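Colleague: I am new to this structure and would like a close look at a single part, the sheet, together with the contacts that tie other stretches of the chain to each other. Could you take me through it slowly?

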Amino acid sequence: MSTVDEILDHVEDNGGTDIIGITDHDDCRSFEAALDWKARHPRSHVQPIWGAEITAFGFTHILAYKMRPPYPTVTPKKFMALRKVVDELNDLGCYVVVPHVDAPMVGMGRRRLARVAARGRIHGYELLTPYFTAPDSLPELQALGQKHGLVPLGGPDAHFIEDLYRILVRFPGQSIDDFERSWSDGTVHPEAGREGPKKTLRRKLQQQHRSLVQRPHEQVRTWVRGQLAGSSTGKPAAAKARVHSV
């Protein structure tokens with residue numbers, strides 16, 4: 001519901017947050033906008049990392065993060081088989097993270113998480129989210145992650161700027177290198193933050209329209225433009241570069 005500039009301005013003004021990854025659904029263009037913001041604010045302590053939330057077959061969501069170049073310029077196709085999505089993200093050098101494990105339909109569920117984690121190529125999972133997982137069931141979910149060597153993380157799943165701090169991820173240090181190191185050292189941990197003010201029904205409906213109507217329309221329009229561009233050059237659109245360096 002906010003622009004990348006609005007989000008990063010908000011994080012900068014509120015202080016205390018060093019790393020932020022914006023995981024738009026099936027889209028990674030926010031990272032370029034974040035890099036542009038960073039170029040205009042070189043003295044800011046806020047550092048963006050590449051992120052995306054991919055919709056696999058059956059509407060299952062999977063998160064991807066990348067902390068070093070080259071960065072992907074497009075995400076894997078929507079509604080591919082989960083294993084293929086995970087393989088593509090790994091091939092791109094991404095950290096693959098399972099979000100909101102217990103969420104109906106879009107969550108992977110604990111049994112499936114165990115099966116997918118046993119096959120490997122999953123780096124972490126969201127132990128803490130603002131929704132779906134009851135506090136008394138967290139020890140069981142944490143034990144499942146520990147059994148499969150998954151890094152416990154968390155995310156606010158914020159569609160409103162006021163909710164950016166509902167879940168925070170703590171790590172020793174301040175830099176992206178420190179953040180990445182904490183994932184391998186096991187020194188990263190999620191914690192509950194603060195909830196933003198209550199949203200009006202009007203704003204909630206605006207957000208639903210944005211996510212269910214406006215954004216899919218934008219994605220289809222972008223896809224069509226890509227197909228037409230590929231046709232005009234005589235090359236398939238899929239031949240476009242998938243990564244770029246900064």
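Modeller: A salt bridge, a term needed further on, is a side-chain nitrogen of Lys or Arg within 4 Å of a carboxyl oxygen of Asp or Glu. With that in hand, please keep in mind that this is a predicted model.

In the sheet, which is open, 6 strands follow one another in the order β1-β2-β3-β5-β6-β7, and their pairing is mixed. The edges are taken by β1 (19–21) and β7 (151–154), each of which has a single partner strand, so one side of each is left without a neighbour in the sheet. Neighbouring strands of this sheet are turned against each other by 35° on average, direction ignored.

Going inward along that order, strand β2 (residues 47–55) runs antiparallel to strand β3 (residues 61–66), and 6 bridges join the two. One place to find this pairing in the picture is threonine 55, whose bridge partner in β3 is histidine 61. On to the next pair, β3 and β5 are again antiparallel, over 3 bridges, and here alanine 64 stands opposite valine 96 in β5.

Strand β5 (residues 95–98) deserves a pause. Tyr95 and Val97 point one way from this strand, whereas Val96 and Val98 point the other way, and all of them are buried. In a regular strand the side chains alternate between the two faces of the sheet. Beyond β5 the sense of pairing is parallel, for 2 bridges join β5 to strand β6 (residues 124–128), with valine 97 opposite glycine 124 in β6. Between these two strands the chain passes through helix α4 (residues 110–119), and the β-α-β crossover that results is right-handed.

Now to the contacts between charged side chains, of which the structure holds 16 that count as salt bridges. In one of them, aspartate 26 meets lysine 78 at 3.9 Å, N to O. This pair links distant parts of the chain, 52 residues apart, since aspartate 26 lies in the loop between β1 and α2 (29–40) and lysine 78 in the loop between β4 (71–72) and α3 (82–91). The two partners differ in exposure: aspartate 26 counts as buried because its relative accessibility is 13%, while lysine 78, at 35%, counts as partly exposed.

A further salt bridge joins aspartate 163 to lysine 199, at 3.1 Å from N to O. Here too distant parts of the chain are linked, with aspartate 163 in the loop between β7 and β8 (167–170) and lysine 199, 36 residues apart from it, in the loop between β9 (189–192) and α7. Both aspartate 163 and lysine 199 are buried.

Another example lies within a single helix. Arginine 40 and aspartate 36 form a salt bridge of 2.9 Å, N to O, and both sit in helix α2, 4 residues apart, which is about one turn of the helix. Arginine 40 has a relative accessibility of 42% and so counts as partly exposed; aspartate 36 is likewise partly exposed, with a relative accessible area of 42%.

Finally, away from the charged pairs, there is a nonpolar surface patch of about 410 Å², made by Val220, Trp223, Val224 and Leu228. Valine 220, one of its members, has its place in helix α7 (residues 201–233).

Terms used. Residues are numbered from 1 along each chain as its sequence is written. This is a predicted model: local features need pLDDT of at least 70, side-chain atom pairs count only at pLDDT 80 or more; totals for chains, interfaces and linings use all residues. Side-chain values use heavy atoms; hydrogens and water are left out. Two strands pair if DSSP finds at least two bridges between them. Axes are lines fitted to C-alpha atoms, for helices over the stretch in contact, and angles run from 0 to 180 degrees between N-to-C directions. Patches are made of residues with over 30% relative accessible area and no salt bridge: like charges are joined within 9 Å, nonpolar side chains (Val, Leu, Ile, Met, Phe, Trp, Tyr) within 5 Å. Accessible areas come from the Shrake-Rupley method with a 1.4 Å probe; for residues, only the protein chains shown count as cover. Buried means under 20% relative accessible area, exposed over 50%, partly exposed in between (1.4 Å probe, protein chains only). A crossover is right-handed if, with the strands pointing away from the viewer, the path from the first strand over the helix to the second runs clockwise.
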